[in-house]
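User: I'd like to go through the contact between two chains and see how each label is earned. Can we take it step by step?

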Amino acid sequence: MSEQQAPAERVAIGISFGNSYSSIAFTSGEGKAEVIANEDGDRQIPSMLSYVEGEELHGQQAKAQLVRNPRNTVAYFRDFIGQEFKSIDPTPAHQSAHPAQHDSTIAFNIRDTEEDKQNAVSISDITARHLKRLRTSASDYLGKDVNAAVITVPTNFSDAQKEALVKSAKEAGLEVLQLISEPVSAVLAYDARPEAKLADKIVVVADLGGTRSDIAVIASRGGIYTILATHHDYEVSGFQLDQVLMDYFAKEFLKKNKSAGDPRENERALAKLKLESEAVKKSLSIGTTANFSVESLVNGIDFQATINRTRYELLANKQIGAFVRLVTHAVEKADLDPLDISEVILAGGNAHTPKIASAIGNAFPESTQVIAPTTFPKAINPSELPVRGAAIQASLIQEFELEDIQQSTHPMVTVTPHLSHAVGVLCISDDESRGVFHAIVDAETPLPVRRTAIIATPKEGGDVLIKLAEGARHIKVTKPEPKPKQEKSKSDSDDDSDDDSEEEEEELREKTWKIGKVLSEAALRGVKKGAKVEVQINIGADLSVNAIFREQGGKGGVRGILQASAQAPNGSA
Amino acid sequence: MDVVQINLPLPILSEGWAAEKDFQPIGHLSRAIDRNIEPVGPHFLAHARRKRHKRTFSEDDR
Ligand SMILES: Nc1ncnc2c1ncn2[C@@H]1O[C@H](COP(=O)(O)OP(=O)(O)OP(=O)(O)O)[C@@H](O)[C@H]1O
Ligand SMILES: [Mg+2]
């Protein structure tokens, strides 16, 4: 059993551990994350264990046992970790070993040895066994004994759940360097790519898994991430899409075999139906048609059928709409507008579904990039996003002492003041009397921060005024010109204008700025014709502002300091 | 971080504008909101280093 490792002796990997699938990845010497295939060749390894005559089967082999040996197969258990029995929803485990109360914890009564008797195997033991199998697969692949990991967890994992997971990992011979949240890990997977550019943006991560969907709205500011809102749903998930296909194929089967029973009413038939429906769903993400084929579905009757993607999309229309609503709801929860969202990263297995990606895209303006395999050619496999981020984080911290890592993740370090408004400059617009605000540092940027802007000057150069101000984002809505009415006289149309509103064209929505508090004025004199002005803003954690204004490439310039206001809450001055 | 490029021009200084060393402080920043930043990624590590060792950006650059 491995104790805490000296950093030099660590072999660390990233692990994503979902209710449905788990993945393992490591970061190569060149800093590239690679997802490891287990001995079955799987990179998405079902989070399942099954016992046959005392032999432990794992992953896809365990999943296959859901048909023949469901009561000794433990599946969909990740969310049970560290919970009390009374607070879990056992529904996902209906067709496998049932969780049961066991002392103050949860256990599965399974026959896990050669002996003909059931043992209560606790959730922490099951988790440890699963993690041990993942560790062994990684060790075999790397040819080194893996002894440490960064593991991803949902944003709503409780402290008790985290503690229990770390403990089980330890039993599996893994020192947990850090638990990181799944959506942030997905963003890191993208940001760590060599071609990635650091930018200030708001990103939504929609993680559409098998038993749950998790949405996070994240402010990404110069590579630092702040979660603004999250939304979790345990009804809208991959299971529901599987169910759509199960219902379809069950009905088709009944049409052709009128006297046979409904495969949904027989446990074994149901298990077969579910496994094959999930496979069909995955095929339809790539192909436009897919075959369903099960031997001896009910009463020894084999069943084959095909379905095309369009039919599937129609059948799943309601569910797809529900996925879209989860995403837009999370944006509302963050008090943001779809126009504020630069990117929607689709993660989780169901992000492969083309129609889900396009439907989510339709809920956002064109300025929002939806990153999924079918909407963005360079998308990373959505099933691998969390594990890649975890592997990258592992490589970043594996040389630190555990105590060091823990200190850095402490609220003393992570709780940080964030700007409530954007800070920027006023430029001139068509309307000479009013300036237009242009942000240099966005709202929700953690402090301290330093940003630089390069600003154009009037054609002839000369003396310019640089006004720093706060700005508030404003959504400007322009109603379309009312269409000239033909049938009705003008006097009528006023009364029933409400009724007509549905027929109106879409309104135009734009992101604009409202100028807020003016912070300072500065003058730069004798700016050369065609020159640009460089403004560097430093904002301290105490809300003090330190600005430098100079002609680009020029020396000297003007410096200004704004003290934090006396009642500023974070002021240490 | 990339530099912010602003293509709209700055206004011309009005005649008679004057301030000591050409800088006139006018207001203060609005209150900040305390939020938790995620302890993940290289830029967080740099932030944590600065915070724990009480270093500034420019000290960090050196
Ligand atoms: N290529 C694909 N096309 C469509 N759906 C897919 C594809 N690959 C996997 N899925 C579905 O994605 C879901 C699994 O998602 P993921 O791998 O993210 O699991 P997870 O994080 O373990 O999920 P959870 O914890 O929510 O159960 C399953 O419903 C699976 O059928
Ligand atoms: Mg998941």
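User: How many residues does each of chain B and chain A bring to the contact?

Analyst: This is a predicted model, so keep that in mind. The contact takes in 88 residues of chain A and 46 residues of chain B. Putting the two together buries about 6,300 Å², with 62% of that from carbon and sulfur atoms. On the chain B side, B:Met1, B:Leu10 and B:Leu29 lose the most area to chain A, together 13% of what that side buries.

User: Why is B:Arg35 with A:Glu444 called a salt bridge?

Analyst: Their closest N and O atoms are 2.8 Å apart. The cut-off for an Arg nitrogen and a Glu carboxyl oxygen is 4 Å, so the pair qualifies. The rule finds three salt bridges across this interface, along with 35 residue pairs in polar contact, both residues at pLDDT 80 or more.

User: Which element of chain B gives the most to the side that touches chain A?

Analyst: That's helix 1 of chain B, with eight residues. Elements giving two or more residues include strand 1 (4-9) and helix 2 (57-61) of chain B. By class, this side has 25 nonpolar, 11 polar and 10 charged residues.

User: What makes strand 20 of chain A and strand 3 of chain B a pair?

Analyst: Four bridges join strand 20 (residues 415-418) of chain A to strand 3 of chain B. Pairing takes at least two bridges, so the two strands count as paired. They run antiparallel, and A:His418 stands opposite B:Ile33 of strand 3.

Definitions and conventions
Residues are numbered from 1 along each chain as its sequence is written. Chains are lettered from A and ligands numbered from 1 in the order in which they are written. This is a predicted model: local features need pLDDT of at least 70, side-chain atom pairs count only at pLDDT 80 or more; totals for chains, interfaces and linings use all residues. Side-chain values use heavy atoms; hydrogens and water are left out. Contact means heavy atoms within 4.5 Å. Buried area is the accessible area (1.4 Å probe) that two parts lose on being put together, summed over both. A salt bridge is a side-chain nitrogen of Lys or Arg within 4 Å of a carboxyl oxygen of Asp or Glu. A polar contact is a pair of N or O atoms within 3.5 Å; within protein, one must be able to donate a hydrogen and the other to accept it, and residues adjacent in sequence count only if both atoms are side-chain atoms. Ala, Val, Leu, Ile, Met, Phe, Trp, Tyr, Cys and Pro count as nonpolar, Asp, Glu, Lys and Arg as charged, and the others, Gly among them, as polar.
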